[in-house]
Every structure is written in C-alpha cells, then in structure tokens.
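Reader: I'm new to this and would like a close look at just one part: the salt bridges. Please set the scene for me and then go through them slowly.

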Amino acid sequence: MRRTLLSGAAAAFLAASLLVQGVSAAGLPLTLMKGGFSEPVYVTNAGDSRLFVVQQDGLIKIIHANGSVTTFLDASDVILHDAERGLFSMAFHPNYARNGLFYVMYTRAGDGASTVAEYHVSSGNPDVADQGSARVVISVAQPYSGHNGGWIGFLGKYLYVTVGDGDSPADELGYAQSKDVLNGKILRIDPRDPDGNGPLTYSIPAGNPFVGKPGRDEIWAYGLRNTWRCSFDPKTSKLWCGDVGQGGYEEVDRVSTTTGGYNFGWNLIEGFHYYTAGHQSGAPCVGNCKTLPIAEYLHSTYGTPYASITGGYVARRPGAQMYGKYVFGDYVTGNVWEISATRTRSTKQPKPVADTDYSISSFGVGADGRIYLVDRSGSIYLLNQS
C-alpha cells in the first residue's frame, strides 16, 4: 500500500472549505476534505450542501459548507461498540425535507442485535437530531460479535437493510442459506409506523419474494456473508453490493430491484468458485451456481492472505471522468478499482485506479453526485474525477 501526496494551492470546497490537494500512486486524484473524525464508517447527504459523517462510536457529524463540523446525533448510549460492532449506516427518508425522518443502523447495547431505528430531526434546528425521538424499527439477533455489519438505503418508500451472517467464520450455523432467519440477507421493508404506536413497527411490501411462501417475508435476497456497503445506481436503480469473502475471494454483486429472491450462494459459493470450509479457494463453479457476482478479486493477487471489500457507488455526476463506472475499494489493502456499470459477469480483474494506505471503510456521495472516500483512521477524501 502506498500514497503520494502532492503539495499545491488550497481549493474551495463548496466555495468555502479549505482542502489539501493530493494524488494516489495509481493516478486517481484525491483531495483531503476533512480530518479529525473518530472511526468514520459512512458519509451521505440530505439533499443539500451538508455531508453527514457516521462514526462507529455512535456519533453522526455534519460537515458544513464553510468547513465547520458539528454533532448531529449522539447515539453512543444505545450502541455496542468494538472492532466489528457499532453505528454503521444512516439513510434519510425520501420525504425528509417534509417529515424530518431519518434512520440509523447499529449494534445494540445489551444484546448485540443488529438494529434499525427511526429518528426525527429537531423541529427548531435542522443541524441537530431529536435525541428523544428514537423508535426501534427492526432488530436481528446476532450469534457472535463478527459479521454484524449493515447498510440501509431507500429506493422509493422502501428501506433496504443488509444483515451479516453473524460470523463463525464460515457460517457453520447455515444462516445465510436459511430463509427462516434474517442473518446473511438483504431485507426490504416499509419502515413507517403502520399502526400508530401499536404492536407493529414496520410493514412488508406485498411484492417481496417470500410473501405467502416459505421463508421470512422481510427477505429480499439471501446467501450473503457480510455485505459491506451497498448503493443504488441513480440511473438504473440497480443495487450494487460488496460482499466480504472468507476463503480467498471478494465479490461485487449487482441485481435488478424490479424482482427479488436472489440467492448469492454463500456459504456454498464464494465469488465464482465453490466454497468448502477450510479451503482457501475452490474450483470454478460450473453448475448450481446461484446468483453469481459481476466481479471478484483474489486476496493473494494483492500480496495478502486477507482482504475486505468495501462497496462503493456508480459515478453519475454529469461531466465526471468516471461517469458510468462503479467505484469500490478494499479496507485491508487500500486499493480502489472501477468497473463499468454495464459490465457483464466476468472473472477479469477490475481496473485499479488507486493504491492507497487508507483503511477504506466506506465511500459516499454528495448531493452534487461527487464521490467521497472514507478512511477509518479519521479522514474524508474527495475523488476529484467523480
């Protein structure tokens, strides 16, 4: 892993914030936008110039247009925080400008359940959440402390929720392939309170694939190990996810959101390969391959027995050099790659665009479509070509 920073003049972020210009060794221009965060793991926007930075310790910070940073939410009192547990993601309701609702996903203190909760923004200050407005929407019990990672995101009025298989580490409990539990899945729910403080906390979309069939109605897709960062392509609405591997392969999954029921194969398939517990990699899959990924990469290709994919975003900002490319990275190696958003399934290695020494915990997107890289060590970077 390596990084080369270039000296240069300061640039204006959103016409106000001071930036430090840099470039990776592989040639992708990066700009240090803001540092000083504690374990940042996600960045997103509420449709305006502000950027919201999620910290694993339970705090959500706002980077304002003038470069100042304030605290939006402190949920540390309900968070179980350690190496693979904490606050992981947030999503603003599509009607946030009117209803002030947003959602967070975290590991719950006390029982370690993966939990999605709803909050309101303060009625008197758009830069501060109402701490007392929390309402638990859904929680999923986790058998172990690993693979608790999650992501939430809206497509229309429905909230998609990813839940890790719970660790072990090769899912010896068989959760990912079982449709009777919510671990190792992508869920789709309507998170709004369906009965006004009654016994129900969310509702099930009628079009979910297992409604009226064997299996939990919340499930949209299954057979996943530990999806770490998903996103919707704003042009096609296709869902992209990075799923962390075990034996030797990391994978990028892409599916249509018009239908569900996909089985991504874990713990039978890893990448394009059969998976057998204890083996670093299996033979290429030639039959009963479930839903194969769009791309994979082998850990040893990058000089390490370990890797951990971090899913990213399809660049859709008009005029961007990376327009139409899905940009993603790796937490362990610091590599950043891109593949075409129209790519068909292929074992061809993704195109490398950066080789950094960052611990890439997430990517994010601003309201203007620019893509950001999150270094868990404490900094947020702008991908200049995005």
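**A close look at the salt bridges**

Author: Let's start from the outside: the protein has an accessible surface of about 14700 Å², and carbon and sulfur atoms account for 51% of that. (Accessible areas come from the Shrake-Rupley method with a 1.4 Å probe, and for residues only the protein chains shown count as cover.) Before going on, keep in mind that this is a predicted model, where local features need pLDDT of at least 70, side-chain atom pairs count only at pLDDT 80 or more, and totals for chains, interfaces and linings use all residues. Residues are numbered from 1 along each chain as its sequence is written, and side-chain values use heavy atoms, with hydrogens and water left out.

That pLDDT is the predictor's confidence in each residue, from 0 to 100. Its mean over the protein is 91, with 92% of the residues at 70 or more. Residues 1-23 are another story: their pLDDT is below 50, although the stretch has 60 contacts in the model beyond near neighbours in sequence. (A contact means heavy atoms within 4.5 Å.) Where pLDDT is low, the predicted coordinates should not be read in detail.

Now for some scenery. The protein has 1 helix and 29 strands; these are DSSP runs numbered from the N terminus, with at least four residues (H or I) for a helix and at least two (E) for a strand. Of its 386 residues, 56% count as buried, where buried means under 20% relative accessible area, exposed over 50%, and partly exposed in between (1.4 Å probe, protein chains only).

On to your part. The structure holds 10 salt bridges, each one a side-chain nitrogen of Lys or Arg within 4 Å of a carboxyl oxygen of Asp or Glu. Take Asp127 and Arg50: in this salt bridge the closest N and O atoms are 2.8 Å apart. The two partners come from distant parts of the chain, 77 residues apart: Asp127 is in the loop between strand S10 (114-120) and strand S11 (135-140), and Arg50 is in the loop between strand S4 (40-44) and strand S5 (51-55). Asp127 is partly exposed, since its relative accessible area is 23%, while Arg50 is at 10% and counts as buried.

Next comes a salt bridge between Arg216 and Glu218, whose closest N and O atoms are 3.0 Å apart. Here too one partner is partly exposed, namely Arg216 at 32% relative accessibility, and Glu218, at 6%, is buried.

A further salt bridge pairs Glu338 with Lys351, with 3.6 Å between the closest N and O atoms. This one links distant parts of the chain as well, 13 residues apart: Glu338 sits in strand S25 (residues 335-340) and Lys351 in strand S26 (residues 351-355). Glu338 counts as buried, at 10% relative accessibility. And salt bridges can team up: through shared partners, Asp48, Arg50 and Asp127 are joined into one network. So when you find Arg50 in the viewer, look for Asp48 as well as Asp127, because shared partners put the three in one network.
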